Structures are given as C-alpha cells and as structure tokens.
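I opened this notebook to record what I looked up in one structure, entry by entry. I begin with a term that I will need for a later entry.

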Amino acid sequence: MPRPRPLPKLLEIDKEEKMKKYRCSVCGYIYDPENGDPDNGVEPGTDFENVPDDWTCPICGATKDQFEPAD
C-alpha cells in the first residue's frame, strides 16, 4: 500500500492571512487579533473581519471602516 502524501500547508497560510493586524487611520492604534480587545468585548484570537461592525477604536473612537491592513 503506498504511503499517503503529506497535505499542503494551506491551513497555515490561510491562518496567517486571516490573522492580519489592522491600523487605525486616525490615531495609529494597531488591532492585533492575537490580543483582541477584551476590554471592549472582542476576545483574543478574533480576526478583524469578525470584530462587530459597531466596534470602535479603543483609543480615539474611530469606526471599524477607518482601519486599514497594517504592513
């Protein structure tokens, strides 16, 4: 019986892509999904796309649509 081939590492790449940091365009605050924003109801491990739409920057109050991917 032939040995099964290892699966490609697509899941790791997808996780890296999803766990992107986002920067507030108003004050520069960085949303890091690994940390989340537990003081404002966003658990650690929450991707930015899954942060509630009514969440605001904990520093300046900017809305979620004022964030952009951080490099």
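**Entry 1: a term, and a residue to try it on.** I wrote down that a residue counts as buried under 20% relative accessible area, as exposed over 50%, and as partly exposed in between. I tried this on K21, whose relative accessible area is 42%, so K21 is partly exposed. I also noted at this point that the model I am reading is predicted.

**Entry 2: the overall layout.** I looked up the elements of the protein and found 1 helix and 3 strands, which follow one another from the N terminus in the order α-β-β-β. I then checked how much of the chain is covered, and found that buried residues make up 27% of the 71 residues. The protein exposes about 5,700 Å², and carbon and sulfur atoms supply 50% of that area. Among contacts between residues at least 6 apart in sequence, I noted that 43% join residues at least 24 apart.

**Entry 3: the sheet.** In what order do the strands of the open sheet lie? I read the order as β2-β1-β3, with antiparallel pairing. The edge strands are β2, residues 30-31, and β3, residues 67-69, and each of them pairs on one side only. I reminded myself that strands of a sheet pair through backbone hydrogen bonds, either parallel or antiparallel. Strand β1, residues 22-24, is joined to β3 by 3 bridges, and these two strands run antiparallel. When I looked across from R23, I found E68 of β3 standing opposite.

**Entry 4: one cysteine in the sheet.** I next picked C24, which is found in strand β1. Is C24 buried or exposed? Its relative accessible area is 1%, so C24 is buried. Leaving aside neighbours within four places in sequence, I listed the contacts of C24 as Y29, C57, C60, A62, Q66 and F67. I looked more carefully at C57 in that list, because I wanted the spacing of the two backbones: the C-alpha atoms of C24 and C57 are separated by 7.1 Å, although the two residues are 33 residues apart along the chain.

**Entry 5: the nonpolar core.** I looked up the largest nonpolar core and found that it has 11 residues, namely Y22, C24, Y29, Y31, V42, F48, V51, W55, C57, A62 and F67. In soluble globular proteins, nonpolar side chains tend to be buried together. I followed one member, V51, and saw that V51 touches Y31, V42, T46 and K64, not counting residues up to four places away in sequence.

**Entry 6: aromatic rings.** How many aromatic pairs does a search of the whole structure find? The search finds 7 aromatic pairs. In one of them, the rings of Y22 and F48 have their centres 4.2 Å apart and their planes at 15°, so I recorded this pair as stacked. Y22 lies in strand β1 and F48 in the loop between β2 and β3, so the pair ties together parts that are 26 residues apart in sequence. I checked the cover of both residues, and both Y22 and F48 are buried. For W55 and F67 the ring centres are 5.2 Å apart and the planes are at 50°, so I recorded that pair as tilted. W55 sits in the loop between β2 and β3 and F67 in strand β3, 12 residues apart, so that this pair too links distant parts of the chain. W55 and F67 are both buried. I closed the entry with the cluster, which is formed by Y22, Y29, Y31, F48, W55 and F67.

**Entry 7: salt bridges.** I counted 2 salt bridges. One joins D32 and K21, with the closest N and O atoms 3.7 Å apart. D32 is in the loop between β2 and β3, while K21 is in the loop between α1 (10-18) and β1, 11 residues apart. D32 has 16% relative accessibility and therefore counts as buried, whereas K21 is the partly exposed residue of my opening entry. The side chains of D53 and K64 also meet in a salt bridge, at 3.7 Å from N to O. D53 and K64 both lie in the loop between β2 and β3, so the pair ties together parts that are 11 residues apart in sequence. Here D53 counts as exposed, at 68% relative accessibility, while K64 is buried, with a relative accessible area of 13%.

Notes: Residues numbered from 1 in each chain as written. Predicted model: local features only at pLDDT ≥ 70, side-chain atom pairs only at ≥ 80, totals over all residues. Heavy atoms only, no water. Pairing = 2+ DSSP bridges. Helix = DSSP H or I, 4+ residues; strand = E, 2+ residues; numbered from the N terminus. Buried < 20%, exposed > 50% of the residue type's maximum accessible area, 1.4 Å probe, protein only. Contact = heavy atoms within 4.5 Å. Areas by Shrake-Rupley, 256 points an atom, 1.4 Å probe, with all protein chains shown as cover. Core = buried A, V, L, I, M, F, W, Y, C linked by side-chain atoms within 4.5 Å. Salt bridge = Lys/Arg side-chain N within 4 Å of Asp/Glu carboxyl O. Phe/Tyr/Trp six-rings, centres within 6.5 Å; stacked < 30°, edge-to-face > 60°.
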